[in-house]
Amino acid sequence: MSMELTVPAITAVCCLIGALVKLSPIPDRWIPCIVGAAGGLLGLAGRMLVPSFPVSDPLSALAVGIVSGLASTGAHQLKKQLEAAE
């Protein structure tokens with residue numbers, strides 16, 4: 001997987017995780033925490049498994065993953081707000 005696809009892939013996977021959590025009995029307020037943590041873990045995994053991952057140290061990989069996970073929540077809220085405006 002190339003560098004251009006790694007970070008958006010983390011965001012997409014976290015979006016799916018958020019959708020699954022939404023279907024569970026877990027309160028919605030925990031979704032950002034869950035997708036942030038999942039993104040962090042995926043960032044660390046990406047650093048170890050993908051040679052072209054955009055960062056080389058674990059702390060930066062964790063940060064990129066967390067931000068990517070939280071971006072999935074932001075993307076969902078943007079979609080929701082645009083639909084509500086119509």
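**Accessibility terms and model.** Buried means under 20% relative accessible area, exposed means over 50%, and partly exposed lies in between (1.4 Å probe, protein chains only). The views show a predicted model, in which local features need pLDDT of at least 70 and side-chain atom pairs count only at pLDDT 80 or more, while totals for chains, interfaces and linings use all residues. Residues are numbered from 1 along each chain as its sequence is written, and side-chain values use heavy atoms, with hydrogens and water left out.

**View A. The overall fold follows the pattern α-α-α**. The protein has three helices and zero strands (DSSP runs numbered from the N terminus: helices are H or I of at least four residues, strands E of at least two). Helix α1 spans 3-23 and helix α2 spans 31-49. Helix α3 covers residues 58-85. Along the principal axes, the C-alpha atoms fill a box of roughly 40 × 30 × 15 Å. The protein has 86 residues, and 24% of them are buried. Take the contacts (heavy atoms within 4.5 Å) between residues at least 6 apart in sequence: 57% join residues at least 24 apart.

**View B. A salt bridge joins the side chains of Asp28 and Lys22**. The structure holds two such pairs (a side-chain nitrogen of Lys or Arg within 4 Å of a carboxyl oxygen of Asp or Glu). Here the N to O distance is 2.6 Å. Both ends are partly exposed: Asp28 has a relative accessible area of 42%, and Lys22 reaches 44%. Side chains of opposite charge can pair when their charged atoms come close.

**View C. Lys79 and Glu83 form a salt bridge within helix α3**. The N to O distance is 3.3 Å. Lys79 and Glu83 sit four residues apart, about one turn of the helix. Glu83 is partly exposed, at 47% relative accessible area.

**View D. The largest pocket holds about 230 Å³ of space**. A pocket is found on a 1 Å grid over the protein atoms alone, as an open set of points where a 1.4 Å probe fits, with protein on both sides within 12 Å along at least five of seven lines. Points are joined across faces, edges and corners, and the volume is the space filled by probe spheres set on them. The pocket is lined by 14 residues (each with an atom within 4 Å of a point), and those closest to its centre are Lys22, Ile31, Thr73, His76 and Gln77. Helices α1, α2 and α3 each supply at least two lining residues. Six lining residues are nonpolar, five polar and three charged (nonpolar: Ala, Val, Leu, Ile, Met, Phe, Trp, Tyr, Cys and Pro; charged: Asp, Glu, Lys and Arg; polar: the others, Gly among them). Lys22 thus appears in two views, as a salt-bridge partner of Asp28 and as a pocket-lining residue.

**View E. Nine residues build the largest nonpolar core**. They are Ile10, Cys14, Val21, Ile31, Val35, Ala38, Val50, Phe53 and Ala61. Such a core is a set of buried Ala, Val, Leu, Ile, Met, Phe, Trp, Tyr and Cys residues joined through side-chain atoms within 4.5 Å. Helices α1 and α2 each supply at least two of the core residues. Ile31 belongs to this core and also lines the largest pocket. Setting aside residues up to four places away in sequence, Ala61 touches Gly43, Leu44, Arg47, Phe53 and Val55. In soluble globular proteins, nonpolar side chains tend to be buried together.

**View F. Gly36 and Ser68 are buried helix residues**. Gly36 lies in helix α2, at 6% relative accessibility. Beyond residues up to four places away in sequence, Gly36 touches Gly65, Ile66 and Leu70. The C-alpha atoms of Gly36 and Leu62 are 9.8 Å apart, with their positions 26 residues apart along the chain. Ser68 lies in helix α3, with a relative accessible area of 4%. Leaving out neighbours within four places, Ser68 contacts Val7, Ile10 and Thr11. Of these, Ile10 is a member of the largest nonpolar core.

**View G. Leu41 is exposed, and Pro27 is partly exposed**. Leu41 is in helix α2, at 60% relative accessibility. Its C-alpha atom is 9.7 Å from that of Gly69, which is 28 residues away along the chain. Pro27 sits in the loop between α1 and α2, with a relative accessible area of 38%. Pro27 and Pro8 are 19 residues apart in sequence and 26 Å apart in space, C-alpha to C-alpha.
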